[in-house]
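Biologist: I am new to this structure and should be grateful for a close look at a single part of it. Please set that part within the whole as you proceed.

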Amino acid sequence: MTEWIAVVTITLLAVISPGADFAMVTRNSLLRSRRAGLLTALGIGLGVLVHVGYTLLGVGLLMQQSTWLFDVVKLLGAAYLIYLGVTMLRSRQEDDLPSQPVAALSDMAALRTGFLTNALNPKTTVFVVSLFLQIVGQDTPLATQLAYGGFISLAHVAWFCIVALCFSAQRVRARLLAVRHWIDRAFGGMLVGFGLLLATAKLRL
């Protein structure tokens, strides 16, 4: 029970902390649609399962002991965030005028965005690997470890679905869509900043 309390508490604190996942869900909910935001949230949950999967397979321990492997993962994640950010920053202003409709985002594109944003995020790597190596005991049954992984994924989905519902509310969108050009610029700058910080940070497992 103590182990469960620790996993739940640490997970909830990690989930609600702002980062690239929050930026992408908020942006897609505001500028695209509620459906896009919810699917982005689901993609994030699927991305978490990638981290849980390789941790349970022992790759997490390998990453902990192999600096170059973790650096590769870190740089790939940083490059993806910078790519997303630059794409937003380069969006044409005339496409973002209030009189123009917001371009649709396919279900698969929204799901893929959430999945890649989380799966390539080295901060999630650090969180999941550290949680399983430092909190979860070696004698914890595999079924219980799988349950932990499922909870971590569902907690991400639940939180970011709440975020999507809040930022896709009609009154919120009506006020903010008129300045969506600047919203895209703001989120683009945030993602580039996150990417640069991850690329230069010395994250430790």
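What is the mean pLDDT of the chain, and what percentage of its residues reach 70 or more? With that settled, please look closely at the salt bridge formed by Asp-107.

Modeller: The model is a predicted one. The mean pLDDT of the chain is 82, and 84% of its residues reach 70 or more. Over residues 94–101, however, the pLDDT is below 50, although this stretch has 13 contacts in the model beyond near neighbours in sequence. Where pLDDT is low, the predicted coordinates should not be read in detail.

The chain as a whole provides the setting. It contains 10 helices and 0 strands, and from the N terminus on every element in the run is therefore written as α: α-α-α-α-α-α-α-α-α-α. Of the 205 residues, 44% are buried. The chain exposes about 10600 Å², of which carbon and sulfur atoms supply 68%.

The part you asked about can now be described. A search of the whole structure finds 1 salt bridge. Asp-107 forms this bridge with Arg-35, and the closest N and O atoms are 2.8 Å apart. Asp-107 belongs to helix H6 (residues 107–119) and Arg-35 to helix H3 (residues 34–57), so the pair ties together parts that are 72 residues apart in sequence. Side chains of opposite charge can pair when their charged atoms come close. As to surroundings, Asp-107 is partly exposed, with a relative accessible area of 35%. Arg-35, with a relative accessible area of 54%, is exposed, because the cut-off for that class is over 50%.

The residue numbered Arg-34 also has a distant partner in sequence. Gln-170 and Arg-34 are 136 residues apart along the chain, yet their C-alpha atoms are 9.6 Å apart in space. Gln-170 is placed in helix H9 (residues 170–176) and counts as exposed at 59% relative accessibility.

Similar pairings are found elsewhere. In the chain, residues 24 or more positions apart account for 89% of the contacts with a separation of 6 or more. Val-8, in helix H1, has its C-alpha atom 8.0 Å from that of Phe-151, although 143 residues separate the two in sequence. Val-8 counts as partly exposed, at 24% relative accessibility. Ala-199 lies in helix H10 (residues 180–200), and its C-alpha atom is 8.0 Å from that of Ala-79, 120 residues away along the chain. Leaving aside neighbours within four places in sequence, Ala-199 is in contact with Lys-74, Leu-75 and Ala-78. Ala-199 is partly exposed, with a relative accessible area of 29%.

Helix H2 (residues 20–31) offers a contrast to the exposed Arg-35. Of its 12 residues, 11 are buried, so H2 is largely enclosed by the rest of the structure. Among the buried residues are Met-24, Val-25, Leu-30 and Leu-31, and also Asp-21 and Arg-27. The length of H2 can be checked as well: at 1.5 Å a residue it should span 16 Å, and its end C-alpha atoms are 16 Å apart, which agrees.

Finally, on the surface, Met-1, Trp-4 and Ile-5 make a nonpolar patch of about 360 Å². Trp-4 is found in helix H1 (residues 2–16) and is partly exposed, with a relative accessible area of 30%.

Notes. Residues are numbered from 1 along each chain as its sequence is written. This is a predicted model: local features need pLDDT of at least 70, side-chain atom pairs count only at pLDDT 80 or more; totals for chains, interfaces and linings use all residues. Side-chain values use heavy atoms; hydrogens and water are left out. A salt bridge is a side-chain nitrogen of Lys or Arg within 4 Å of a carboxyl oxygen of Asp or Glu. Helices (H or I, at least four residues) and strands (E, at least two) are DSSP runs, numbered from the N terminus. Buried means under 20% relative accessible area, exposed over 50%, partly exposed in between (1.4 Å probe, protein chains only). The expected span of a helix is 1.5 Å times one less than its number of residues. pLDDT is the predictor's confidence in each residue, from 0 to 100. Contact means heavy atoms within 4.5 Å. Patches are made of residues with over 30% relative accessible area and no salt bridge: like charges are joined within 9 Å, nonpolar side chains (Val, Leu, Ile, Met, Phe, Trp, Tyr) within 5 Å. Accessible areas come from the Shrake-Rupley method with a 1.4 Å probe; for residues, only the protein chains shown count as cover.
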